[in-house]
Every structure is written in structure tokens, then in C-alpha cells.
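Hi everyone, thanks for making the time. I'd like to walk you through a structure that is new to most of us, so please have a look at it first.

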Amino acid sequence: MNGTLYGLITGIALGFAAAFGGFSAFVIVLVLGALGLLVGRWLDGKLDLSALVGAGRDRG
């Protein structure tokens, strides 16, 4: 599966959460989806935390 398909599935899930559960369900699904993305990237070995925290940036 590629990124486009994952994005489509995520969009559909968020749409259902917003339509049937209201704003709070939308936010819960969004947060859990982001957490799942981070775990998936970590398991694939593609999570680079130094890019997120700024480590490795040239400070000179």
C-alpha cells in the first residue's frame, strides 16, 4: 500500500468520525491516527526524531 491509499483510508475514517460522532470523535480519531502513523514509521525504521527536535542542524 502506498501513501495515497493510506491517506484515502485516513480521510474516510475521519469523515465517518466527524459525521457520526461529532467533533470530539473527530479529534480522537485524528490523534490516534497520528499516533499510529508515528508507530508505523518507527517500525519501518523511517522515523527520524532528530528532524523533529532540530538535532543535527548546523548551528554555526
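Let's start with F20, which counts as exposed because its relative accessibility is 69%, and exposed here means over 50%. One thing to keep in mind as I go: this is a predicted model.

F20 has a partner. Searching the whole structure turns up two aromatic pairs. One of them joins F16 and F20 in a stacked arrangement, with 5.8 Å from centre to centre and 15° between the planes. Where do F16 and F20 lie? Both are in helix α1, four residues apart, which is about one turn of the helix. In an α-helix there are 3.6 residues a turn, so residues three or four places apart point the same way. F16 counts as exposed too, because its relative accessibility is 52%.

Now, which residues make the nonpolar surface patch? F16 and F20 belong to it, along with L5, L8, I9 and I12, and the patch covers about 640 Å². Take I12 as another member: this residue is also found in helix α1, which runs over residues 3-44. With 45% relative accessibility, I12 counts as partly exposed, because that class sits between the 20% and 50% cut-offs.

Let's follow α1 itself. How far does α1 span between its end C-alpha atoms? Just 14 Å, whereas a straight helix of 42 residues would span 62 Å at 1.5 Å a residue. If you look along the helix, you'll find a bend of about 145° at G21. Another glycine to look for is G45, just after α1, where phi is positive at about 80°.

Moving on along the chain, we reach L47, in the loop between α1 and α2, the latter being residues 49-53. Is L47 buried or exposed? Somewhere in the middle: its relative accessible area is 28%, so L47 is partly exposed. If you'd like a distance to check on screen, try L47 and L37: they are ten residues apart in sequence, and their C-alpha atoms are 9.7 Å apart in space.

Let me finish with the whole chain. It has two helices and zero strands. How many of its 60 residues, as a percentage, count as buried? The figure is 5%. The accessible surface comes to about 5,100 Å², and carbon and sulfur atoms account for 69% of that.

That's my tour, and I'm happy to go back to any of these residues with you. Thank you!

Conventions: Residues numbered from 1 in each chain as written. Predicted model: local features only at pLDDT ≥ 70, side-chain atom pairs only at ≥ 80, totals over all residues. Heavy atoms only, no water. Patch = residues over 30% accessible without salt bridge, like charges linked within 9 Å, V, L, I, M, F, W, Y side chains within 5 Å. Areas by Shrake-Rupley, 256 points an atom, 1.4 Å probe, with all protein chains shown as cover. Salt bridge = Lys/Arg side-chain N within 4 Å of Asp/Glu carboxyl O. Buried < 20%, exposed > 50% of the residue type's maximum accessible area, 1.4 Å probe, protein only. Expected span 1.5 Å × (residues − 1). Bend = angle between axes of the 7 residues up to and from the residue. Phe/Tyr/Trp six-rings, centres within 6.5 Å; stacked < 30°, edge-to-face > 60°.
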